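Thanks, everyone, for making the time this morning. I would like to walk you through one protein chain, and I will put the sequence and the structure up before I say anything about them.

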Amino acid sequence: MRKPLCSRPVSTLSSRREFLYGLGASLGSVALSDLLAKEGVQADAAPGPLANKPPMHPAKAKACIMLFMEGGPSQADTFDPKPKLNELHKTESKMTAGLENGFRFYVRSPFGTRKVGESGLDMCDQWVHLADPEVADELCNYRGCQAESLNHPEALYHMNTGSRLGADPALGAWATYGLGTENQNLPGYVVMTELALPQGGPGNWSNGFLPAHFQGTRLRPEGSPILDLQSPSFKSRDHQRRALDELARLNERHAARHPQHDALSARMESYELAFRMQTAVPDVIQLEKEPEHIQQMYGLDDPETEKFGRQCLMARRLVENGVRFVQIFSGGWDSHDYLERGHSSRIRSVDKPVAALIKDLKRRGMLDETLVIWTGEFGRTPDNNRRGGVYSLGRGHNIDAMTMMLAGGGVKKGAIVGATDEIGAEAVECVHPIRDLHVTLLHLLGLDDNKLTYFHAGRFKQLSQFGAEVIPELIA
């Protein structure tokens with residue numbers, strides 16, 4: 001006679017989760033892991049995971065704000081001018097990189113360029129506010145990074161999580177896992193997007209195999225940033241508190257009978273955080289409390305800059321209130337066609353808000369301890385393909401060369417680090433993969449990628465996947 005799969009009749013088990021747990025090391029345990037992952041909990045979540053933790057070594061930065069230009073901004077048309085393309089414009093290109101097929105031709109930049117600030121950083125003439133010496137001389141332009149995937153979703157996952165496949169913890173999740181948050185009433189990792197999510201969706205700010213507490217909390221772009229911030233009129237704070245206390249007592253009694261399941265405690269912690277957020281979040285997100293001149297500085301009075309400006313101002317307020325990692329996505333940078341129209345519009349939408357963020361942080365004495373990053377998922381090619389006999393003035397995807405700006409948080413000021421070749425096709429100086437950039441960002445936050453590990457699937461895992469090196473040229 002075949003033995004039963006578990007020692008008790010199924011009818012006496014309290015839940016489907018417990019039934020699957022009773023199956024042990026079989027398909028049932030795999031199903032349990034999948035169930036827990038889908039429900040946003042992890043079986044090994046530790047109590048108080050977002051508690052503020054000391055860095056592993058002296059940190060340059062306490063917080064990070066990542067400004068993500070989804071689609072891939074062009075290096076030659078933003079911060080890495082290539083005069084050689086003026087000579088080659090519309091001549092045939094023999095390049096084989098990128099996704100394009102057929103006849104390919106070089107494309108010059110539609111923008112002029114000049115050197116700005118005392119440091120002489122290169123910027124196209126579309127940047128007006130970022131060219132202010134007060135801002136420009138705080139910037140570090142890194143030109144040596146190389147990506148790995150030409151496809152947007154994979155490249156986004158790679159830049160955000162260190163893995164091209166998705167489902168791994170995001171950079172912000174690793175940062176909060178290592179450092180916690182300075183404010184237990186707010187999430188440690190906050191994400192803001194435009195109306196459309198970036199390609200790959202929430203996988204870009206996932207907790208992956210880390211406990212669910214480290215997943216990014218997305219603030220909605222319209223209406224209330226977080227739903228249910230206000231309690232129903234018939235329910236007071238005292239009523240909510242007593243209800244949570246009673247629920248906690250019932251759950252503690254249940255947990256005592258089932259100590260092997262930590263999912264319940266993780267769920268209760270999320271309820272408690274939500275309760276605290278109802279008090280803390282409304283005060284942080286009320287941008288109307290900011291002086292009029294600050295709102296204008298961020299561009300809140302201009303429809304073209306208002307949306308991104310609100311998010312940048314929100315980022316400053318969140319970091320000011322102890323949030324560890326803030327990420328803002330700006331879409332529309334994928335300029336295969338109409339490069340001049342597309343990039344000029346996108347630059348205008350972020351130029352004033354980004355400059356205001358850096359100025360504001362600097363004037364408040366926060367920039368030295370706040371790392372600001374402006375980047376996309378990859379760069380653009382110096383050429384394009386002709387479609388239907390038409391010279392389409394745009395650029396393809398380029399993993400061999402890209403540009404990014406960093407400021408504050410211990411990076412060099414007014415510096416250009418690395419270089420690309422004369423047409424911007426490939427990085428040729430201070431060349432590093434994305435994983436090296438990641439461990440450098442962790443290093444500035446006081447974290448060591450080789451020590452910041454998590455045991456999962458039979459081995460200790462880390463952001464860099466299999467190790468990387470810090471880029472010393474970026475560090476002041």
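I will go from the chain as a whole to its cores, and then to one pair of helices.

Please keep in mind throughout that this is a predicted model. The protein chain has 476 residues, 55% of which are buried, and its secondary structure amounts to 12 helices and 20 strands. If we take the contacts between residues at least 6 apart in sequence, 76% of them join residues that are at least 24 apart. The accessible surface is about 20800 Å², with 52% of that belonging to carbon and sulfur atoms.

Turning to the interior, the largest nonpolar core has 52 residues, and within it Leu67 and Trp374 have the most contacts. Helix H11, residues 339-363, gives the most to this core, contributing eight residues. Leaving aside residues up to four places away in sequence, Leu67 touches a set of residues that includes Phe308, Ile328, Val354, Leu357 and Trp374 itself. There is also a second, separate core of 51 residues, with Ala170, Tyr189, Tyr454 and Leu474 among them.

Now, how do helices H5 and H12 lie relative to each other? The axes of H5, residues 152-161, and H12, residues 434-444, come within 9 Å and cross at roughly 30 degrees, and the two helices are therefore roughly parallel to each other. On the H5 side the contact involves His158, Met159 and Thr161, which meet Ile434, Leu437 and His438 in H12. The residues of this contact divide into three nonpolar and three polar, with no charged ones.

Definitions and conventions
Residues numbered from 1 in each chain as written. Predicted model: local features only at pLDDT ≥ 70, side-chain atom pairs only at ≥ 80, totals over all residues. Heavy atoms only, no water. Core = buried A, V, L, I, M, F, W, Y, C linked by side-chain atoms within 4.5 Å. Buried < 20%, exposed > 50% of the residue type's maximum accessible area, 1.4 Å probe, protein only. Helix = DSSP H or I, 4+ residues; strand = E, 2+ residues; numbered from the N terminus. Contact = heavy atoms within 4.5 Å. Areas by Shrake-Rupley, 256 points an atom, 1.4 Å probe, with all protein chains shown as cover. Axes fitted to C-alpha atoms, helices over the stretch in contact; angles between N-to-C directions. Parallel < 35°, antiparallel > 145°, perpendicular 65-115°, else oblique. Nonpolar A, V, L, I, M, F, W, Y, C, P; charged D, E, K, R; others polar.
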